[in-house]
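Visitor: I've got a model open on my screen and a few things I'd like to ask about it. Could you walk me through it?

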Amino acid sequence: MPIVSIACLSVKRDEYEKLVDSLGPRDVPCIWCGHPFTYRHGVYIRRPMDVTRPFLIRRRFCPACRHTFALLPTFLSPYQRATIPLQDEACYRLAQGQSYETVLRHLDVRGIHLFDMATLRRWFRRLVLQVHKILPALTALAQREAPELSLSRLRAGVRDAWVMAYYERLTVWAGPSADSGNWNLLRLILYVFAPSLSGNRVSYGLLPTPPP
Ligand SMILES: [Zn+2]
């Protein structure tokens with residue numbers, strides 16, 4: 001399902017549903033052809049592992065090109081079973097240098113059971129690759145936001161200095177409670193925590209450029 005991210009930074013089902021249901025045709029241009037209005041077009045179910053109730057993800061239909069797409073809340077990435085805040089938290093701990101066992105135990109205590117470390121390793125490996133692609137652009141955004149601040153160099157003594165720099169710049173740019181959903185809202189370069197996609201970038205709402 002092609003998607004486009006929509007600003008909804010809180011992991012609250014009601015907030016997402018209220019927001020998307022309030023959108024009129026002209027609030028959501030088509031992500032495929034840029035047509036200025038789209039209509040509601042049903043729902044599908046997403047069940048993130050760290051949220052108790054499922055989300056009904058709203059779809060839109062474009063009367064011009066007749067394509068559909070989904071409005072995904074900022075706290076979900078395409079095709080992921082965990083929310084972005086959860087993946088951010090786990091990856092931040094790993095980047096700091098905590099062991100995979102420690103992070104797994106931490107999640108377990110919170111009632112989130114990943115069962116093995118393969119999922120954690122996949123999250124972290126993917127984030128490391130993605131951060132290498134987006135860090136220069138994010139650094140420029142953070143510097144524009146706070147020109148007086150000297151952004152720290154890559155830190156020594158951590159598992160991954162690039163990922164640590166990513167989270168530092170994310171909060172400088174978008175505030176202390178920022179997560180990777182803030183970056184995804186930009187629709188720039190790639191969606192953090194989404195699986196990589198070589199051919200059809202419009203599936204993640206990155207092309208074509210939406211009209212201003
Ligand atoms: Zn269209």
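Visitor: Which residues of helix 4 do Leu 86, Gln 87, Ala 90, Cys 91, Leu 94 and Ala 95 in helix 2 meet?

Guide: Bear in mind that this is a predicted model. Contact here means heavy atoms within 4.5 Å. By that test, the helix 2 residues you list touch a set in helix 4 made up of Leu 120, Trp 123, Phe 124, Arg 126 and Leu 127.

Visitor: How do helix 2 and helix 4 lie relative to each other, roughly parallel or roughly perpendicular?

Guide: Helix 2 covers residues 84–96 and helix 4 residues 118–145, and their axes come within 10 Å. Those axes cross at roughly 80 degrees. Angles of 65 to 115 degrees fall in one class, so helix 2 counts, relative to helix 4, as roughly perpendicular.

Visitor: Now the metal. Which residues coordinate the zinc ion?

Guide: Look for sulfur: each donor is an SG atom, at 2.3 Å. In sequence the donor residues follow the spacing C-x2-C-x28-C-x2-C. Put names to that pattern and you get Cys 30, Cys 33, Cys 62 and Cys 65.

Visitor: What is the arrangement of the four donor atoms around the zinc ion?

Guide: Go by the angles. Four donors pass the test if all angles lie between 85 and 135 degrees. Here they run from 104 to 115 degrees, so the arrangement is tetrahedral.

Visitor: How many residues apart are Cys 33 and Cys 65?

Guide: Both are donors to the zinc ion. Cys 33 sits in the loop between helix 1 (13–21) and strand 2 (39–46), while Cys 65 is in the loop between strand 3 (55–61) and strand 4 (68–73). The pair links distant parts of the chain, with a separation of 32 residues.

Visitor: And how does Cys 65 count, buried or partly exposed?

Guide: The cut-off for buried is under 20% relative accessible area. Cys 33 comes in at 40%, so it counts as partly exposed. Cys 65 has 25%, which makes it partly exposed.

Visitor: What stands opposite Arg 60 of strand 3 in strand 4?

Guide: Strand 3 has partners to sort through. It pairs with strand 2 in the antiparallel sense over six bridges, and there Arg 60 faces Arg 40. Four bridges join strand 3 to strand 4, again antiparallel. In strand 4, the bridge partner of Arg 60 is Phe 69.

Visitor: Which residue in the hairpin of strand 3 and strand 4 takes a positive phi?

Guide: Phe 61 of the hairpin stands opposite Thr 68 in strand 4. Six residues lie between the strands. The one with a phi near 65 degrees is Arg 66.

Visitor: How many residues of strand 4 are buried?

Guide: Check both faces: Thr 68, Ala 70 and Leu 72 point one way, and Phe 69, Leu 71 and Pro 73 the other way, and all are buried. Strand 3 is mostly covered, with five of its seven residues buried. Strand 4 is largely enclosed by the rest of the structure, because its buried count is six of six.

Definitions and conventions: Residues numbered from 1 in each chain as written. Predicted model: local features only at pLDDT ≥ 70, side-chain atom pairs only at ≥ 80, totals over all residues. Heavy atoms only, no water. Donors = N, O, S within 2.8 Å, 3.2 Å for Na, K, Ca; no water. Tetrahedral: all angles 85-135°; square planar, octahedral: opposite > 155°, others 65-115°. Buried < 20%, exposed > 50% of the residue type's maximum accessible area, 1.4 Å probe, protein only. Pairing = 2+ DSSP bridges. Axes fitted to C-alpha atoms, helices over the stretch in contact; angles between N-to-C directions. Parallel < 35°, antiparallel > 145°, perpendicular 65-115°, else oblique.
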